[in-house]
Amino acid sequence: TRKSRPQRLLKAVEGKATLGDPQSVITAIDHFCRHKEWAMNVGDEKGSILDSLVIELSPVNVLELGTYCGYSTVRIARLLPPGARFITLEFNPDYAAVARQVIGWAGLEDKVQLVEGASGDWIPRLREHFGVQMFDLVFLDHWKDQYLPDTKQLEECGLIQKGTVLLADNVICPGTPDYLKYVRNSPHYDSRYYRSHLEYTKVEDGLEKSVFLGF
Ligand SMILES: Cc1cc(-c2n[nH]c(CCNC(=O)c3cc(-c4ccc(F)cc4)cc(O)c3O)n2)ccn1
Ligand SMILES: [Mg+2]
């Protein structure tokens, strides 16, 4: 059967990128998605905003919801300080299989723990299973209707604490209206919108950065 889009994206990485060079993997994926086939990676424009926030935060414990092909996983992992811990959750086994190879091609497999399964099932188990107490940064990029319930579950499990930064992709397109209303109206979050565009297009989209102020 014909290869899937993630598999074709992986072929583009293997054909163009240099093994062990994260930037070349990022460049190869952006080139493929801009000139060959669009794919739902965070992309280079929003990716640069993500980079600057990761550099500024220098987080030790990072959670990503929605690995997809591992593009944002590579963008984040390449900037983490030594000894940082990065867990990324992927629901779709085919996406996860491609992401493992993309992350491996970037030489970042030792920095990332890719966990397969639904966010709702894994969040309550992250502390006892991975020994993580709280996250400094959570990148939300999975099913858009899952952003709010998963944020509430992370709060209830104590994995979001004072100072934790939530960074949400696609708050305009496809849109996460209930999540946006929650973080913007809650007295427990200081929220800010970084205006940008839907990856590889001129359509408006952006990232919402929300700092938890504690209960
Ligand atoms: C752990 C866990 C993980 C997941 C999970 N893993 N991977 C995903 C993918 C989610 N991402 C998207 O759907 C998405 C869509 C668009 C888009 C599409 C079509 C358009 F026309 C315009 C925009 C753009 C984007 O940037 C997106 O990120 N979900 C799900 C559940 N549990
Ligand atoms: Mg996205």
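## Pairing around strand S5

In this predicted model, strands S4 and S5 run parallel and are joined by four bridges. Within this pairing, Phe-139 has Leu-167 of S5 as its bridge partner. Between the two strands the chain passes through helix H8, residues 147-156, and the resulting β-α-β crossover is right-handed.

S5 also pairs with strand S7, which spans residues 204-212; here the two strands run antiparallel, again with four bridges. Leu-167 stands opposite Lys-209 of S7, while Phe-139 is the bridge partner of Leu-167 in the pairing with S4.

## The two faces of S5

In a regular strand, side chains alternate between the two faces of the sheet. S5 is covered on both faces: Val-165 and Leu-167 are buried on one side, and Leu-166 and Ala-168 are buried on the other.

## Nonpolar cores

The largest nonpolar core comprises 43 residues, of which Leu-9, Ile-29, Ile-76 and Val-102 touch the most other members. Two or more residues of this core come from each of the helices H1 (5-16), H2 (22-35), H3 (43-57), H4 (71-77) and H5 (93-105), and likewise from each of the strands S3 (112-116), S4 (137-140) and S5 (165-168). Helix H2 supplies the largest share, six residues. A separate core of 26 residues lies apart from this one and includes Leu-63, Tyr-147, Leu-159 and Val-183.

Which residues does Ile-29 contact, leaving aside its neighbours within four places in sequence? They are Leu-9, Val-13, Asn-41, Tyr-71, Val-102 and Tyr-200. Two of these partners, Leu-9 and Val-102, are themselves listed with Ile-29 among the core residues that touch the most other members.

## Surroundings of Ser-119

Ser-119 belongs to helix H6, residues 119-122. Is this residue buried or exposed? Ser-119 has a relative accessible area of 9% and is therefore buried, the cut-off for that class being under 20%.

The side chain of Ser-119 makes a polar contact of 2.6 Å with the side chain of Asp-150. Beyond neighbours within four places in sequence, the contacts of Ser-119 are Leu-65, Leu-89, His-142, Gln-146, Asp-150 and Gln-153. Asp-150 and Gln-153 fall within the residue range of helix H8, the helix through which the chain crosses from S4 to S5.

## Confidence of the prediction

The protein chain has an average pLDDT of 98, and 100% of the residues score at least 70. For the complex, the predictor reports an ipTM of 0.97 and a pTM of 0.98.

Conventions. Residues are numbered from 1 along each chain as its sequence is written. Chains are lettered from A and ligands numbered from 1 in the order in which they are written. This is a predicted model: local features need pLDDT of at least 70, side-chain atom pairs count only at pLDDT 80 or more; totals for chains, interfaces and linings use all residues. Side-chain values use heavy atoms; hydrogens and water are left out. A nonpolar core is a set of buried Ala, Val, Leu, Ile, Met, Phe, Trp, Tyr and Cys residues joined through side-chain atoms within 4.5 Å. Buried means under 20% relative accessible area, exposed over 50%, partly exposed in between (1.4 Å probe, protein chains only). Contact means heavy atoms within 4.5 Å. Two strands pair if DSSP finds at least two bridges between them. A crossover is right-handed if, with the strands pointing away from the viewer, the path from the first strand over the helix to the second runs clockwise. pLDDT is the predictor's confidence in each residue, from 0 to 100. A polar contact is a pair of N or O atoms within 3.5 Å; within protein, one must be able to donate a hydrogen and the other to accept it, and residues adjacent in sequence count only if both atoms are side-chain atoms.
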